[in-house]
Amino acid sequence: MAKKRFKNPWRIVLQWSILVLLIYMLLRVLLDPNYLADFEAYCPFGGLQAVTGFFVHNSLACSMTEVQIFMGLALVVGIFIFSKLFCSYICPIGTVTEWLAKIGKKLGRFYTLQGWSDRLLRVFKYALLFVTFYFTVTAGELFCREYDPYYALVTGFGHDVYLWYALAALIVTVVGSMFIRQFWCKYFCPLGALSNIFTNGIMFAGVLAIYFLLMFFGVHLSWVWPAAVISVLGFALEAGRMKGWFFPVFKITRAEHHCTDCNLCTISCPMGIDVANMDTVDHIDCHLCGECLYACPIKDTLKINRKEIKWLPATATVALIVLAFILSMNIELPTINLTWGPKDKISHAAVFSQSGIKNIKCYGSSMSFANKMKHIKGVLGVETYIRSHTAKVFYDSSQISAEDIRKAIFTPTNTMVAKLPADLDSLSALTLGIDKLFDSYDQYYLTQLLAQTKGVYGFATHFGEPVRAVIYFNPKEITPQQIKQAIERRKLIYFSRGKKTTVHLNFKVAFMEAQIQKLPASQFRHLVFKAVDLKFNDYKKYSKKQLAVLEVPFPQAANPRFRRAIRMLISHISTDDYVVRFRTLLKKGKPVAQIFYVKGKSDADKIRKALNQPMLTVHYSNGKTGHVKNPFRFKKKGVVLSARGLE
């Protein structure tokens with residue numbers, strides 16, 4: 001008996017490497033609560049959607065990185081030259097559905113669709129491809145996350161997943177692939193549709209060329225039109241021809257004079273291609289997996305481009321992945337690239353560049369930064385880079401200077417970092433300069449640093465080069481030199497919402513003023529107290545005569561860590577249509593909350609009950625409602641005041 005050969009070892013190694021990596025990530029998520037797994041870190045489909053969005057809107061989706069984008073470009077290059085290597089060697093759905101097919105075969109209920117049923121069903125993946133790109137580009141977020149069976153499983157049907165879409169896709173993938181050969185991959189996978197479009201690359205290039213020519217001659221068409229035409233033609237070419245158009249360059253070839261018609265190549269093909277009756281395997285479903293090469297028992301019968309290079313597909317897969325990684329590490333793409341104002345001014349604009357702006361961390365924060373800059377006279381555009389937290393600001397130097405832009409980016413702060421002891425009558429104020437303190441994130445990290453430094457109770461920052469900071473401290477507990485050492489710590493570890501966060505810092509104290517001032521503790525409380533005053537539920541509709549005020553002690557109002565929670569508390573009590581205002585202030589140096597309500601429509605007892613409920617009902621800006629744990633307890637009943645005489 002002939003010795004059984006080990007089939008396609010390199011494909012097995014690559015497929016299992018991907019699965020082992022996913023299993024590791026899943027186990028780490030379960031064992032390490034601080035680990036954030038990115039299950040789409042290397043997704044080429046997301047990268048290609050991001051590139052399309054960038055060309056349409058000059059912006060990248062929040063979750064996209066250079067790795068995903070260059071993986072997408074590597075996939076395209078791979079399709080043109082070597083065929084659909086991602087589907088064959090990398091895609092976990094493709095790997096698992098091949099295994100599911102084996103179950104169907106053992107059950108004796110496994111079918112390979114042929115003829116018009118096979119051709120017509122392929123329309124679904126093109127429809128899904130168009131819908132996916134349409135909603136991704138228009139919304140700026142990856143629509144495929146809502147239904148992707150892979151993403152749904154590895155994230156445990158996470159918050160981006162739409163349950164019924166994903167559940168339907170999962171059933172189609174699992175059940176369908178057990179009984180119909182590669183049911184998801186052939187008929188529903190949008191990446192499969194996109195890959196086949198690139199296999200018909202001449203059509204793709206032709207449609208884009210016509211689109212850009214029309215745009216050049218002044219015919220303004222939405223990107224939706226070429227996307228729709230490419231999707232329709234892609235399906236027509238696939239269903240009509242069932243083979244690529246010139247691409248890929250490398251194909252399986254069969255030497256008929258060597259063939260013994262054993263049919264093992266056809267039997268081994270996971271896509272059900274009749275390899276045994278082809279001289280050149282140019283079928284649209286072939287992804288150069290190489291299974292037929294290893295199944296053939298006769299030497300020199302099946303080759304790649306008539307050459308004995310079985311190792312080529314796996315080697316090309318690894319090489320393309322490595323190349324994508326190298327490019328992604330050395331090239332940073334802008335998240336947004338927006339300009340406004342006269343074109344002649346933009347072409348001659350000066351450029352201000354600032355790295356280390358940590359609040360530039362995604363598409364949303366980049367747009368927020370751009371909107372802030374848009375209101376500054378003389379600023380003509382913004383370009384942001386997430387990985388290096390860099391912003392480039394294009395500006396008219398005759399209207400604004402680089403110094404003015406630095407000042408506009410900077411956000412001053414004035415905050416308490418620790419509760420003052422009751423017996424502490426006064427504090428000292430140390431003025432120093434801090435380098436590398438750019439934005440609100442840096443200020444937050446400085447807050448965390450000083451909160452961990454015993455004897456420091458608050459600080460204020462003011463714009464300057466370097467930033468001027470005033471540190472309020474108790475000289476009996478800490479010295480100015482120790483404060484300097486605390487600020488220059490290179491590593492910060494803090495806990496937020498139960499999660500441990502480690503940040504590497506590079507703050508540097510540039511100078512310390514020798515003169516140290518003193519101020520009373522009461523003055524410090526007023527300096528750092530940030531009052532909240534929100535009006536809602538048609539506050540202006542009521543006269544002060546119609547309103548009453550519940551005033552209650554609110555010591556947490558002086559703690560900056562509770563500011564976000566205070567907003568949630570306000571959202572919660574605004575559910576009562578007759579509660580119309582919430583504000584905090586200092587009275588005799590102690591924080592209080594004042595809740596304004598309509599007399600006769602609401603009352604103090606009802607408001608007290610709402611303030612002390614264990615869960616807060618929060619209304620978010622996107623229209624959704626959520627519930628969060630109430631961190632506040634108002635033990636004292638407080639007093640009811642008249643709104644008359646109050647501001």
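## Close-up views of a predicted model

**Figure 1. Helices α7 and α11 pack at an angle of about 95°.** In this predicted model, helix α7 covers residues 123-139 and helix α11 covers residues 190-199, and their axes are 8 Å apart. An angle from 65 to 115 degrees counts as roughly perpendicular, and α7 and α11 are therefore roughly perpendicular to each other. From α7, the contact is made by Lys 125, Tyr 126, Leu 128, Leu 129 and Phe 133, while α11 brings Pro 190, Ala 193, Leu 194, Asn 196 and Ile 197. Sorted by class, this contact has eight nonpolar residues, one polar residue and one charged residue. If you wonder how such a pair is put into numbers, two packed helices are described by the angle between their axes and the distance between the axes.

**Figure 2. The buried residues of α7 line one face of the helix.** Let us begin with the span of α7: at 1.5 Å a residue, its 17 residues should span 24 Å, and its end C-alpha atoms are indeed 24 Å apart. Which residues of α7 are buried? They are Lys 125, Tyr 126, Leu 129, Thr 132, Phe 133, Thr 136 and Val 137. Looking down the axis of α7, you find these buried residues within an arc of 125°, so they line one face of the helix. Their packing partners are α2 (44-57), α10 (183-187), α11 and α13 (224-241). Just after α7 comes Gly 140, and the phi of Gly 140 is positive, near 80°.

**Figure 3. Helix α11 is largely enclosed by the rest of the structure.** How many of the ten residues of α11 are buried? Ten of the ten are, so α11 is largely enclosed by the rest of the structure. To follow them in the view, start at Pro 190, Leu 191, Gly 192, Ala 193 and Leu 194, then continue with Ser 195, Asn 196, Ile 197, Phe 198 and Thr 199.

**Figure 4. Helices α1 and α5 cross at roughly 110°.** Here helix α1 (residues 9-31) meets helix α5 (residues 92-107), and their axes come within 10 Å. The two helices, α1 and α5, are therefore roughly perpendicular to each other. On the α1 side, the contact is made by Arg 11, Gln 15, Trp 16, Leu 19 and Leu 22; on the α5 side, by Pro 92, Thr 95, Glu 98 and Trp 99. Five of the residues in this contact are nonpolar, two are polar and two are charged.

**Figure 5. Thr 584 is buried, whereas Asp 344 is exposed.** Thr 584 sits in strand β18 (residues 579-587). Its relative accessible area is 3%, and under 20% counts as buried, so Thr 584 is buried. Setting aside neighbours within four places in sequence, Thr 584 is in contact with Phe 529, Lys 530, Ala 531, Val 532, Phe 554, Ala 557 and Val 592. Asp 344 belongs to helix α17 (residues 343-347). With a relative accessible area of 53%, Asp 344 is exposed. The C-alpha atoms of Asp 344 and Thr 155 are separated by 49 Å, and these two residues are 189 residues apart along the chain.

**Figure 6. Two peptide bonds that lead to a proline are cis.** As background, most residues other than glycine have a negative phi, and most peptide bonds are trans. The bond from Phe 247 to Pro 248 is cis, with omega near 0°, and Pro 248 lies in the loop between α13 and β1 (252-254). The bond from Glu 465 to Pro 466 is cis as well, with omega near 5°. You can find Pro 466 in the loop between β10 (456-462) and β11 (467-473).

**Figure 7. Asn 263 and Leu 288 have a positive phi.** Asn 263 is not a glycine, yet its phi is positive, about 70°. Look for Asn 263 in the loop between β1 and α14 (264-268). Asn 263 counts as partly exposed, at 36% relative accessibility. Leu 288 has a phi near 55°, a positive value in a residue other than glycine. The loop between β2 (280-281) and α15 (291-295) holds Leu 288, and Leu 288 is buried, with a relative accessible area of 2%.

Notes: Residues numbered from 1 in each chain as written. Predicted model: local features only at pLDDT ≥ 70, side-chain atom pairs only at ≥ 80, totals over all residues. Heavy atoms only, no water. Axes fitted to C-alpha atoms, helices over the stretch in contact; angles between N-to-C directions. Helix = DSSP H or I, 4+ residues; strand = E, 2+ residues; numbered from the N terminus. Parallel < 35°, antiparallel > 145°, perpendicular 65-115°, else oblique. Contact = heavy atoms within 4.5 Å. Nonpolar A, V, L, I, M, F, W, Y, C, P; charged D, E, K, R; others polar. Expected span 1.5 Å × (residues − 1). Buried < 20%, exposed > 50% of the residue type's maximum accessible area, 1.4 Å probe, protein only. Arc of directions from axis to C-beta.
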